[in-house]
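Reader: I am new to this structure and would like to understand how its descriptive words are earned. Could we go through them one by one, setting values against cut-offs?

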Number of protein chains: 2
Amino acid sequence: MNGQDKIGTYKLVAEPFHVDFTGHLTLGVLGNHLLNCAGFHATERGFGMATLNEDNYTWVLSRLAIEMDNMPREYEEFSVQTWVENVYRLFTDRNFAVLDKEGRPIGYARSVWAMINMSTRKPVDLLSMNGGSIVDYICPDKPCPIDKPSRIKVAATEPEVSLTARYSDIDINGHVNSIRYVEHILDLFPIDLYKVYRIRRFEMAYVAESYYGDTLSLYHDDEGGGMHQVEVRKNGAETVCRAKLQFESY
Amino acid sequence: MNGQDKIGTYKLVAEPFHVDFTGHLTLGVLGNHLLNCAGFHATERGFGMATLNEDNYTWVLSRLAIEMDNMPREYEEFSVQTWVENVYRLFTDRNFAVLDKEGRPIGYARSVWAMINMSTRKPVDLLSMNGGSIVDYICPDKPCPIDKPSRIKVAATEPEVSLTARYSDIDINGHVNSIRYVEHILDLFPIDLYKVYRIRRFEMAYVAESYYGDTLSLYHDDEGGGMHQVEVRKNGAETVCRAKLQFESY
């Protein structure tokens with residue numbers, strides 16, 4: 001298998017209900033597409049969720065960092081490339097490139113995944129799964145010219161917004177779905193901000209699951225210079241996820 | 001053009017983040033797919049949004065009724081067929097069939113659309129558009145064996161829930177998007193209900209637009225026998241939309 005075979009490429013289009021009021025694909029929808037493409041790519045290689053679940057294992061998303069020069073506009077075709085950069089014992093790094101309809105990169109993303117046993121919720125040694133075959137899929141040569149996910153630390157002591165996890169927030173695993181957090185975090189910011197600024201980079205660290213009925217409180221630090229950090233806590237205590245956003249002018 | 005040519009068929013798959021905790025495609029996502037397929041079909045016939053917008057016209061969704069025997073499950077392929085049943089001076093009826101992966105119908109939908117002039121917001125005479133060519137696309141023979149949208153009248157005088165329209169609710173036209181209302185309405189119901197009951201039929205009457213920052217209040221009548229009616233009002237006054245839901249046991 002040469003390097004090119006190790007990269008999955010998936011064609012997409014920015015649907016009308018998937019763009020925001022500026023006509024650009026929303027970050028939540030892009031995140032959804034990235035995770036789907038990760039799923040397609042893993043499934044094609046025998047490491048998909050469906051196969052894993054049969055054996056009582058599942059992938060857990062730990063980190064996601066998306067950095068975009070620009071976003072596809074309504075009706076524009078684009079594509080997502082994805083590949084495995086590294087496999088460690090407990091984590092694997094999966095990267096993404098987003099290409100415009102001419103095949104030029106318009107952004108990149110990095111993700112970090114663990115695999116857990118669904119009964120014990122304990123992490124699995126990736127290097128021993130399927131006879132260690134996951135390392136055959138590593139594609140070390142494809143560049144991903146964005147920074148790795150960084151440390152996120154929020155100082156705010158009072159929540160800016162609190163909400164309750166509802167039916168539409170919950171995924172097939174019974175958890176608030178990873179993309180809903182992105183949407184709830186983006187909804188912290190007034191629409192006037194999005195008229196002038198776009199999100200250049202968005203990082204998420206997923207720490208714990210939350211469930212139907214949980215109160216999700218969003219703690220927000222405005223760091224200045226377009227940098228923001230947000231922490232989501234459930235029921236006044238446990239950290240669920242942390243995000244770092246970098247806005248820039250259009 | 002024979003009857004078959006007048007029906008557009010679009011293949012889809014139930015993506016992991018598009019199913020609810022029961023593993024079935026959510027009604028909001030299905031509604032999104034239906035509206036997209038309507039858009040593809042209209043575009044292929046010279047009546048798409050992009051073309052219309054150039055001429056300062058746009059389609060406005062007035063009614064939507066979806067009735068499903070069952071919903072596609074995660075990763076299942078399905079398809080949507082759509083066709084124009086009727087064209088009147090101010091409205092057109094567009095129907096849908098949802099087929100499972102073997103091509104068997106699992107549900108149907110009906111929609112009613114008007115076309116408006118984007119400057120005056122006044123309706124346009126459809127029979128005079130493009131030299132009346134829209135009538136060439138009428139497909140009268142394809143059955144759509146579900147009831148037409150009915151009258152919805154909500155008696156509740158106190159809202160059950162109020163929320164504020166945020167960035168993620170707003171579409172490219174600057175309005176709260178049609179599908180978000182569906183999600184907000186589904187979120188009225190506790191998750192325990194969805195463990196036992198599924199939505200057999202969902203009707204929406206879209207009455208007026210709402211905007212960023214509007215307070216949306218949901219008035220809810222439980223009619224008994226699994227029938228519910230919901231009205232969304234903005235800023236304590238004007239009706240935005242009305243919904244009728246029919247639940248049934250799994």
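Author: Gladly, and please keep in mind that this is a predicted model. A good place to begin is with the aromatic rings, for which the count over all chains comes to 14 aromatic pairs.

Reader: What makes Phe21(A) and Tyr167(B) a pair, and why is the pair called edge-to-face?

Author: The ring centres of Phe21(A) and Tyr167(B) are 6.4 Å apart, and rings pair if their centres lie within 6.5 Å. Their planes stand at 90 degrees, so the pair is edge-to-face, the cut-off for that word being over 60 degrees.

Reader: Where do the two partners of this pair lie?

Author: The pair crosses between chains. Phe21(A) is in the loop between strand E1 (8–13) and helix H1 (27–44) of chain A, while Tyr167(B) is in the loop between strand E6 (161–164) and helix H3 (178–186) of chain B.

Reader: How do you know whether Phe21(A) and Tyr167(B) are buried or exposed?

Author: Buried means under 20% relative accessible area. Phe21(A) has a relative accessibility of 17% and therefore counts as buried, and Tyr167(B), with a relative accessible area of 5%, is buried as well.

Reader: What kind of aromatic pair do Tyr181(A) and Tyr206(A) form, and what makes it so?

Author: The centres of Tyr181(A) and Tyr206(A) are 6.3 Å apart, with 50 degrees between the planes, and the pair is tilted; that word covers planes that are neither under 30 degrees apart nor over 60. The pair links distant parts of the chain, since Tyr181(A) in helix H3 (residues 178–186) and Tyr206(A) in strand E7 (residues 197–206) of chain A are 25 residues apart. Tyr181(A), at 3% relative accessibility, counts as buried, and so does Tyr206(A) at 14%.

Reader: Which residues do ring pairs link into a cluster?

Author: The cluster consists of Phe21(A), Phe189(A), Tyr194(A), Phe247(A) and Tyr167(B), linked by ring pairs.

Reader: What sits over the ring of Tyr219(A)?

Author: The charged end of Arg233(A) sits there, 3.8 Å from the ring centre, where the distance cut-off is within 6 Å. In chain B, the charged end of Arg233(B) sits over the ring of Tyr219(B), 3.8 Å from its centre.

Reader: Why is Glu231(A) called buried or exposed, and which side chain does it join through a polar contact?

Author: Glu231(A), which lies in strand E9 (residues 227–234) of chain A, has a relative accessible area of 5% and is therefore buried. Its side chain is joined to that of Thr239(A) by a polar contact of 2.6 Å, against a cut-off of within 3.5 Å. Not counting residues up to four places away in sequence, Glu231(A) touches several residues, among them Val154(A), Tyr219(A) and Cys241(A).

Reader: What word describes the accessibility of Tyr88(B), and why?

Author: The relative accessible area of Tyr88(B) is 41%, so the residue is partly exposed, a word that applies between the limits of under 20% for buried and over 50% for exposed. Tyr88(B) is found in the loop between strand E3 (77–87) and strand E4 (92–99) of chain B. A polar contact of 3.3 Å joins its side chain to that of Asn86(B).

Reader: How is Tyr197(A) placed relative to Glu248(A), and is it buried or partly exposed?

Author: Tyr197(A), in strand E7 of chain A, is 51 residues from Glu248(A) in sequence and 5.2 Å from it in space, C-alpha to C-alpha. At 34% relative accessibility, Tyr197(A) counts as partly exposed.

Reader: Which residues touch the most other members of the largest nonpolar core?

Author: That core has 130 residues, and those touching the most other members are Phe202(A), Leu245(A), Phe202(B) and Leu245(B).

Reader: How do you know how the two copies are related?

Author: Chain B can be laid on chain A with an RMSD of 0.0 Å by a turn of 180 degrees and a shift of 0.0 Å along the axis. The two copies are therefore related as by a two-fold rotation axis. The C-alpha of Leu163(B) is the one nearest the axis in chain B, 5.1 Å from it.

Conventions
Residues are numbered from 1 along each chain as its sequence is written. Chains are lettered from A and ligands numbered from 1 in the order in which they are written. This is a predicted model: local features need pLDDT of at least 70, side-chain atom pairs count only at pLDDT 80 or more; totals for chains, interfaces and linings use all residues. Side-chain values use heavy atoms; hydrogens and water are left out. Rings of Phe, Tyr and Trp (its six-membered ring) pair if their centres lie within 6.5 Å; planes under 30 degrees apart count as stacked, over 60 as edge-to-face and the rest as tilted. Helices (H or I, at least four residues) and strands (E, at least two) are DSSP runs, numbered from the N terminus. Buried means under 20% relative accessible area, exposed over 50%, partly exposed in between (1.4 Å probe, protein chains only). A charge sits over a ring if NZ of Lys or CZ of Arg is within 6 Å of the ring centre and within 35 degrees of the ring normal. A polar contact is a pair of N or O atoms within 3.5 Å; within protein, one must be able to donate a hydrogen and the other to accept it, and residues adjacent in sequence count only if both atoms are side-chain atoms. Contact means heavy atoms within 4.5 Å. A nonpolar core is a set of buried Ala, Val, Leu, Ile, Met, Phe, Trp, Tyr and Cys residues joined through side-chain atoms within 4.5 Å. Copies are superposed by least squares on the C-alpha atoms of residues with pLDDT of at least 70 in both.
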